[in-house]
Amino acid sequence: MNFSYWERQFITDRADLIIIGGGITGLSAAYHTRLLHPEWKIVVLEKFPISTAASTRNAGFACFGSAGELVDDLASGMSMNEVLTLAEKRYKGLLLLRKTLGESNLDYFPCGGTELFDFSQKNEFKTVCHYLEELNNSLMLITGEDFTYKTTDVPGCLTGYENAISNSLEGKLNPGKMIQAWRKLCQENNIEIYCGAEAKIQEGSKNVLFGNHLIHSNQIAVCTNGLTNSMIPKLKVMPARNLVLLTDKLPTIDLPSTYHHDKGYIYFRKIDDRILIGGGRNKFMNTESTSKFKVNEQLKGYLLEYLKNHFQVEKESVSQEWTGIMGVGNSKKVLIKRLDETTVTGVRLGGMGIAIGTLVGKEVSELLR
Ligand SMILES: Cc1cc2nc3c(=O)[nH]c(=O)nc-3n(C[C@H](O)[C@H](O)[C@H](O)COP(=O)(O)OP(=O)(O)OC[C@H]3O[C@@H](n4cnc5c(N)ncnc54)[C@H](O)[C@@H]3O)c2cc1C
C-alpha cells in the first residue's frame, strides 16, 4: 500500500530502534529497552491488526515443561544441565511476565499442570518416574519447591489414561489480555506501535520498508519468531503450525488444571466451561511445517477423534478453531543474538513462548546499543 503525503508525515521516518514483531517478545524488548534508554525513539511494527502469529493464538498455558518433556529432551541428546537451564529460563520468564504486567491483567491462575500417560505408555511413565527425584532436587534450587513433580490420580471425567504426574508450579492465563497489557505498558512508556505494518529489511541496512515508507533506524530488533524465515532465511527458523479447537460449554466436564499428553504434543484445558484442545503436530510434521494459517482437515480429524475417545465429546460440540505459527529449529535454544552492526534477533521460541518471551525480550534489549 502507498501512504499519502499526510500519512507519511504521521509515521516517523527516523528511529533509534525499530522492533519488527509485536508479539510477547517484541513488546517485552520494546519495554525493557525503554527502561535502559529513556531517550530513544522506539517503534514497533506489527504485520497484523493483533499480534497474530502466536502470542494471541496460543493455549495460554503458563508452563515450564512437564517431567515427560524434560526426560524426552534428555533422550534427544540434551544434557541435564541444558534441560535444567531451559526449565529455569521458562520458570523465571513466567515470574518476570507476572511481575511486569500484574497477574490480574493476565487473568493468571495458578491451577497447576498435569501430564497424562495412556495405557500404551507404561514404560515411558516408568522412565519418567525414574528421573523424578533428580528433577525435583535440581528444580528445588531454582523454585524453592521441594516436589515440583508428583505422581497423581487421573481425573475421573477422562478415559484412556492410566497414570499422571502433576506440576504444582504451573498455571494458565489469557493470551489476549496479556498482549493488551503489553501494548498498554508500551504506549504508557512512549513507544510507538503500528499494526497492519509488514516490515521489510535488507541485511546490513539501517532502513526498514513499511509500505512505500522508509524508516531509518539506528538499531533493528527482529522478533518475528515463526515468520522469520521469509525475512532472514539463513537463521533457519522453521514455521510450525499448531491447530486449536474449542468446544461449546460443557459444564459437567471438570478439568481443574492444565493437561499435557504425548510429551506435550497434545494439550488441553478448560476456558469458560469450554474445552480447549490443541496440538497433534508430531503426527503431521510434513504438512504442518508451514506459515500458512489454513486448517489441515486430517489433523483436525485426529483431534476430534481424541476428544471423542478421551472425553466422549462429539465433533458437533466443537464451535471454534484456529491455527497459530510457532518458530522451531534444530535446537531448543532461542536465537538471541546480534547479526551485524544494526540487527539483533530474538527468535525460535518453540512452544514455550509465553514462558520465555518476556525474558527473551529483556535479553534482546540488553544486546542493543
Ligand atoms: C497454537 C499455539 C499454542 C501455543 N500454546 C502455548 C502455550 O500454551 N504456552 C506457551 O508458553 N507457548 C505456547 N505457544 C507458543 C507461543 O505462543 C510462542 O512461542 C510465542 O507467542 C512467541 O512469541 P513471539 O513474540 O516471539 O512470536 P509471535 O507471537 O509469533 O510474534 C511475532 C510477531 O511478528 C509479526 N511479524 C512477522 N513478520 C513480520 C513482518 N515482516 N513485519 C511486521 N511484523 C511481523 C507477527 O505478525 C507476530 O505478531 C503456542 C503457540 C501456538 C501457535
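Here are a few notes on how the two domains of this predicted model meet.

1. Start with the layout. The protein splits into two domains, and each one is pieced together from separate stretches of the chain: domain 1 takes 5-57, 176-236 and 331-367, while domain 2 takes 63-172 and 238-328. Going by C-alpha atoms, their centres sit 28 Å apart.

2. Next, look at where they touch. Domain 1 brings 31 residues to the contact and domain 2 brings 30. Together they bury about 2500 Å², and carbon and sulfur atoms account for 67% of that area.

3. Three residues on the domain 1 side deserve a click: Arg57, Lys332 and Met352. Between them they supply 26% of the area that domain 1 buries against domain 2, and no other three residues give more.

4. Lys332 is worth a second look, as its side chain also forms a salt bridge with that of Asp73, at 2.8 Å from N to O. Lys332 belongs to the 331-367 stretch of domain 1, and Asp73 to the 63-172 stretch of domain 2. The count of salt bridges between the two domains is 4. As for polar contacts, 10 residue pairs make them across the interface, with both partners at pLDDT 80 or more.

5. Which elements give two or more residues to the side of domain 1 that touches domain 2? They are α2 (24-36), α7 (175-188) and α10 (353-367). The largest share is from α10, with 7 residues.

6. Finally, the make-up of that side of domain 1: 16 residues are nonpolar, 8 are polar and 7 are charged.

Conventions: Residues numbered from 1 in each chain as written. Predicted model: local features only at pLDDT ≥ 70, side-chain atom pairs only at ≥ 80, totals over all residues. Heavy atoms only, no water. Domains from an automatic or database assignment. Contact = heavy atoms within 4.5 Å. Buried area = accessible area lost by both parts, 1.4 Å probe. Polar contact = N/O pair within 3.5 Å; in protein donor to acceptor, adjacent residues only side chain to side chain. Helix = DSSP H or I, 4+ residues; strand = E, 2+ residues; numbered from the N terminus. Nonpolar A, V, L, I, M, F, W, Y, C, P; charged D, E, K, R; others polar.
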